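Me: Hi! I've just opened this one and would like some help finding my way around. Can we go through it together?

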Amino acid sequence: MATKINLLPPGFGVTGNLGKILKAVRMVGVIGLAFFLVFGLGISIYFIVSTITFNALKSETNSLKEQVKTLQTTEQQIVLLKDRIGKINMALGLPEAIKNLIAIEPFISNLSSSASLNQLEIDAQKIDLSFQFRSTADTSAFIKSLSDMKDFRSVVLTSFGYDSTNGYTVGISITK
Amino acid sequence: MIYKRILSSTLPLIIVIILFLVFGNYGIGRVRNLRSQISQTRQDKTALTEKLNMLRTISTTVESSSQFAASALPGENTVLPARARIKELAVANGVVLSNLKSDLGASDVSGLSSVRLNFDLAGTRSEIIAFLKLIENTAPISLVDKITFSESVEGSSATISVKTFWAAFPQTLPAVTKSITDLTVEEKNTLDKISAFAQPASTEIPTDSEAGGESIGRQNPFLP
């Protein structure tokens, strides 16, 4: 039968719970070291694979960049085109008088032969007109056509005069 | 002796913890950095592939389109071509042009420069109206700002104020990896509109050698 003997001098031995704890700590340390080695190996493999992937991607990207550079003239033209179109839209969006001219044109074209247009002033905001009518019938027809106009927001009669030589003079201001 | 035993038991654990903290942190940092570079390169690759396909697709049409656009909105002051255009239109429409003057100063709003041209017209009402409608459909872009029209027994006359526009060409290209998009529907509509503009008598821009000048440094890449 085996007999346990302690050769350490009394007071130098580790006994009881402390011994178990130290043994467990040593074990945890060894397991941790093993984990570290596995972790280190894993991360190294992952790093190498990622580096290879990165280099391959970088090479493909560089090749694509070179191909894009060969089409630089086209790129310049599309950049120029987009820049021009943006600024053209900006210019075309500015207020202008021609829309008001187009809106009023049918109205002045349909004046009777005895009526005449004295003055027409058009800007982006409003249209000022001055007409001469020989007869009351023309004047009435004109007033009626004003009330029939649907394109304009407001029509203001700015002047109305009569003299026996020229007939009726009517001034209106129109806002679209 | 007991301390020595405690130290020898705990030392491997302490070393493992230190190794994890130092090398783990360093290794994970390197890998994370590499992954971010891979991710960025993948994005660049996708953008470059799309850009390349886009450039190959549009290369056939973009040249003429950019010429139309540069003709509609040139990069330099358009007073002289606009004056010439107004004179051409007046002759073509049978109206008498007089007092053609341009403002000295140019105004600039958000990179868009403009200058005002004032002139008088004489002719029939329909001729003057036809002339005014044509102005807005010719290159370079001009907008009729104000019309003062008067009629008498001698005929019709008008005093016109027109704004003509230009804008400096872009000086730089975007980064090579920045993607470019095709024209939007709105941009295509604008392009259709300006493509229908009547072009000035000569829209060809001579090269330095054709003009007899000396070429210094790089040419402006945005010259159409």
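Me: Strand 1 of chain A and strand 4 of chain B pair up, but in which sense, and over how many bridges?
Reply: This is a predicted model, and in it strand 1 (residues 116-123) of chain A pairs with strand 4 of chain B in the antiparallel sense, over 5 bridges.

Me: Nice. And what's the bridge partner of Ile122(A) in strand 4?
Reply: That's Ile147(B). Ile147(B) also turns up in the largest nonpolar core, among the residues with the most contacts inside it.

Me: Oh, how many residues does that core have?
Reply: It has 30 residues. Helix 3 (residues 125-135) of chain B gives the most to this core, with 5 residues. There is also a second, separate core of 26 residues, including Val68(A) and Phe68(B).

Me: What does Ile128(B) touch, leaving out residues up to four places away in sequence?
Reply: Its contacts include Val95(B), Leu121(B) and Phe149(B).

Me: Switching topic: how many residues does each chain put into the contact?
Reply: Chain B puts in 69 residues and chain A 59. On the chain B side, helix 1 brings the largest share, 37 residues. That side divides into 40 nonpolar, 15 polar and 14 charged residues.

Me: Last thing, where in chain B does pLDDT stay under 50?
Reply: Over residues 203-219, for which the model has 7 contacts beyond four places in sequence. Chain B as a whole averages a pLDDT of 82, with 87% of the residues scoring at least 70.

Me: And what ipTM does the complex get?
Reply: The predictor gives an ipTM of 0.74, along with a pTM of 0.71.

How values were computed:
Residues numbered from 1 in each chain as written. Chains lettered and ligands numbered in written order. Predicted model: local features only at pLDDT ≥ 70, side-chain atom pairs only at ≥ 80, totals over all residues. Core = buried A, V, L, I, M, F, W, Y, C linked by C-beta atoms within 7 Å. Buried ≥ 20, exposed ≤ 12 C-beta atoms within 10 Å, placed from the backbone. Helix = DSSP H or I, 4+ residues; strand = E, 2+ residues; numbered from the N terminus. Contact = placed C-beta atoms within 7 Å. pLDDT = per-residue confidence, 0-100. Nonpolar A, V, L, I, M, F, W, Y, C, P; charged D, E, K, R; others polar. Pairing = 2+ DSSP bridges.
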